[in-house]
Each structure stands twice: as structure tokens, then as C-alpha cells.
Amino acid sequence: MKIFILSLGCAKNRVDSECLAGELCRAGHILVADAEEAEAAIINTCGFIQPAVEENIAAILDLEELKASGRLKKTGVVGCLFNRYGAELAAGFKTVDFWAESEAWDKVLEALGSRTSASRTRANLPDSPFFTRYLKISEGCDNRCTYCAIPSIRGKLRSLPAETIVNEAVKLAEDGARELCVVGQDLTVYGMDFAGKSKLTELLDALESNLPDSVRLRLLYLHPDRVTPKLLERVVFGKKILNYLDIPVQHADEEILAAMNRGITRKRLENIFACARSLDPDFALRTTCMVGFPGETARSFGHLLDFLEKVQFDRVGAFTYFAEEGTEAASMPKQVRNSTKERRLAKLMERQEEISFSRQQRFVGRTLDVLVEKIDGCYAEGRSFREAPEVDGIIEIDGVKIGVKAGDVIKAKIKEALPHDLMGEAR
């Protein structure tokens, strides 16, 4: 059967979609890149925050319209949205043919008339780049931040065995991956469930020992409370690890951090990022901030802006707080008005754009190694160690030599800096 998979949400969800794709291929099905070409369509959903829920509902409706018109025989909905709202979804979408929770791929195969044993064999989704792949090392979360629904959606921490992760990484490299983005809800707790302490550095040792020199590793999503100087040194001096970390802080006001149950102080946050930059002034730092958390005042928001000014993050992703059903924060007093949230978000992003531009300007006149993602004649787009896929900017390169293709790593001299992107010339 020809099957279209729509993967929504985060990079971790994308890994799940590729695992599902692998099982479908093993069962003899064929993946297609367009729902219009498919006989069956499956949406792997996200249910993290309300805007994501609304986007996913719209996507389900789109596929149901295709089926109603006779262009699809079957539709299925799997993943986080069903984990969170299973009964309500099934009652509201009676024409969907099958439903399954995250990683319950046996139910999907059964609904499609197929059977196979679970193997965690991944297949890249059609029309997706093969040279940048995500490597998920754990599932679930035990952090219990008061605003987050992830523990109730994905359950407790479950670390994958190191051997499984290394074997999967090696296979992705054999398939052509040049960059592996290591992901989990929180990389720093890898191994806590089976060893009682973090085994992340040991896992990094194993990955570096087994991967070819052509493959680089990028670490995404680390809770700051367990980012230690030792871990930062391991990153900076790693042979295959990029000097880039995504460390979501969410806020920097002491009272807000405590109300969020983040388990860390502002001073400790400042020390982490100062340590990273002392090891490498060019260390690429990305974070996530939330504005409008219950109890956030103009003063506490000002503390967040001061913190961003002091740390000088290369990039920041920010969003307004949403009172997620079932979370502790949803019932907290002093909820912030939406208009205030939006105003603060705009102010934060305006200031951060200036900071990002300043960090970008550091690289004008310098030469960077760039992983090419798109190429058109002598023009190319790609990423250096400073840009994670999908969420950060790109480097636009002119003067690319004939024969260079997507997936190659080339050198580019940076000629111009923009707030988010860089412009360069091939060397």
C-alpha cells in the first residue's frame, strides 16, 4: 500500500515517524511524499501546547477531506495528541480509520493488515535530507516543571540502551548522515533511570569512538541544572561534538524560576553560560524563554531582559505561556493578560535580534566549515557549527565550485552578517 506520513511537532517526534516508516517498509508498504499519491495517510501528532493542538486538528481535517473525496482509502492518527486526548479525539473524528499512541506501531500495522516484529529500523521520510538526522536517546521526562504536560503525555524517563543508540548512529552514518542531532526531552538525565546518575558523557565517548570522522554531533535540549563545567569541557574538547548547545532556561527571575520548579537560580544560569564562553568565546548558545508565566510582573520580565543582555545568546526561541490543561501552573493565581504577554514577547524578540546580530558580526571576514543543504548552480545554502537545522538561520554561499552537492562540507568566507543569516563566498 502507498502510504503518506505527516510528521508534526518536534524533532523527537520525527524520529518516531522514521521508526514507524521503517516498520511500514519492512511490512512491504511504500512511502510517498504527497498525500495525493497515497492510498493511506498517517499523521504523527504533537499535543504539547494549544497552538500545536489546533494545527494538528486542522491537519486531521485536511486528510479527512481527501478521504471523503475518494482520494484516500484510509487515515490514521498516532502520537502525542492521541496520548493526551484519546477518547475525545476518537469521539470527535469518527471517520478516522485507526488510532495509536506513540510507539504503538503494532496497532498501525494491524490496522493496515500487516504484521511484523518491532526492530527499531528507521526509514527516512520521502523528500527529507539524509545528511542531517536526529538521534533520540531517551523518552519521557521526570523534571515536573509546573507548566509542562510532557510527563503526562510521554510518561517517565526511559533511556535507550547505549548499544542501541550507537548501532542506530552508525547505521545513520552509513546511510549518508553527516550531522547527527542528539535529542531527548533532557539529554542530561540520560541513564538516570537505569544507573542512578547521568551517563551522557559515557554515551558521547561511545558515539565518538564508533562514528567516522566525517560525522559531527550536535546536542539539543539540556536542562541547565545538570550542565556542569565537566560536561561543557567534554563538548568543547570533543573531536566530533560541535560547540553548540541548546539549553532552555525558560526564565531568569528567581521567583518565576521557583514557581516553574526549574530547580536552578539565576546566578547558576549565568555561571553555566560564562563557563561555556570562557572555554570558547565563539561557543554557540541557544535557549528558550517563556513570557507571561503566572505572577510575572514588569519587574520580573525586566530581570529576564537583563539576563539575555548579560549572557548574549546567539539565538533565542521565545513563546507566550499557555495554561495547559492538567498542569500545576494552569491553576496558579495572577495569570497574565494575553495582550501583556504579546507585548512582552515582541519586546524580548526585538532586543534579542540586536544581540543575535552582534554575535553574527563576529564572524564577518572569517572562514567557516559549512554543511551544504541546498545547491543551485554556483549558489548554496548550508549550516556551520552555529546553526541547528530548522530552528536557526542559514549561511548563503556564492561561488560554489562545480561538483559540490548537498551533504558536502565546504569552506566559506563570511562577507556579510544579518540578524539571523550569514552571507559568504566559497573558498
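This passage describes the overall fold of a predicted protein model and the surroundings of selected residues.

The structure is a predicted model, in which local features require a pLDDT of at least 70 and side-chain atom pairs count only at pLDDT 80 or more, whereas totals for chains, interfaces and linings use all residues. Residues are numbered from 1 along each chain as its sequence is written, and side-chain values use heavy atoms, with hydrogens and water left out.

The protein chain contains 13 helices and 18 strands, where helices (H or I, at least four residues) and strands (E, at least two) are DSSP runs numbered from the N terminus. Its radius of gyration is 22 Å, close to the 22 Å given by the globule rule for 427 residues, so the chain is as compact as a globular protein of that length; the radius is taken over C-alpha atoms, and the rule is 2.2 Å times the number of residues to the power 0.38. The C-alpha trace spans about 60 × 55 × 45 Å along its principal axes.

Of the 427 residues, 55% count as buried. Buried means under 20% relative accessible area, exposed over 50%, and partly exposed in between (1.4 Å probe, protein chains only). The accessible surface of the chain comes to about 18400 Å², and 51% of this area belongs to carbon and sulfur atoms; areas were computed by the Shrake-Rupley method with a 1.4 Å probe, and for residues only the protein chains shown count as cover. Among contacts (heavy atoms within 4.5 Å) between residues at least 6 apart in sequence, 74% join residues at least 24 apart. The mean positions of the 59 positive and 65 negative charges are 4 Å apart. For this purpose Lys and Arg count as positive and Asp and Glu as negative, while His and the chain ends are not counted; the place of a charge is NZ of Lys, CZ of Arg, CG of Asp or CD of Glu.

Helix α3 (residues 80-92) has a kink of about 95° centred on glycine 86, the bend at a residue being the angle between axes fitted to the seven residues ending there and the seven starting there. Glycine 86 is itself among the buried residues of α3, which also include Cys80, Leu81, Phe82, Asn83, Arg84, Tyr85 and Leu89. The buried residues of this helix pack against three helices, α1 (11-26), α2 (50-68) and α5 (150-154), and against strands β3 (40-45), β4 (74-79) and β5 (98-100).

Two arginines illustrate buried charged side chains in different elements. Arginine 133, in strand β6 (residues 132-136), is buried at 4% relative accessibility. Beyond residues up to four places away in sequence, arginine 133 touches Glu18, Arg122, Ala123, Asn124, Leu172, Ala177, Glu179, Leu180 and Cys181. Arginine 344, in helix α13 (residues 338-361), is buried at 11% relative accessibility. With the same sequence neighbours excluded, its contacts are Val291, Glu296, Thr297, Ala298, Phe301 and Val336. Between arginine 344 and aspartate 97, 247 residues apart in sequence, the C-alpha separation is 43 Å.

Tyrosine 321 is placed in the loop between β13 (315-320) and α13 and counts as buried, at 2% relative accessibility. The C-alpha atom of tyrosine 321 lies 9.3 Å from that of isoleucine 49, although the two are 272 residues apart along the chain. Leaving aside residues up to four places away, tyrosine 321 touches Tyr147, Met290, Val291, Gly292, Phe293, Pro294, Ala329, Ala330, Gln335 and Lys341.

Among partly exposed residues, glutamate 373 belongs to strand β14 (residues 367-376) and has a relative accessible area of 24%. Apart from neighbours within four places in sequence, glutamate 373 contacts Phe131, Thr132, Glu381, Gly382, Arg383 and Ala406. Arginine 268, in helix α11 (residues 266-279), is also partly exposed, with a relative accessible area of 27%. Its contacts, residues up to four places away not counted, are Pro224, Asp225, Arg226 and Val227; the C-alpha atoms of arginine 268 and aspartate 225 are 8.1 Å apart.

Positive phi values occur at two non-glycine loop residues, described in turn. Arginine 144, in the loop between β7 (138-139) and α5, has a phi of about 60° and is partly exposed, with a relative accessible area of 41%. Tyrosine 221, in the loop between β10 (216-220) and α9 (229-236), has a phi of about 70°.
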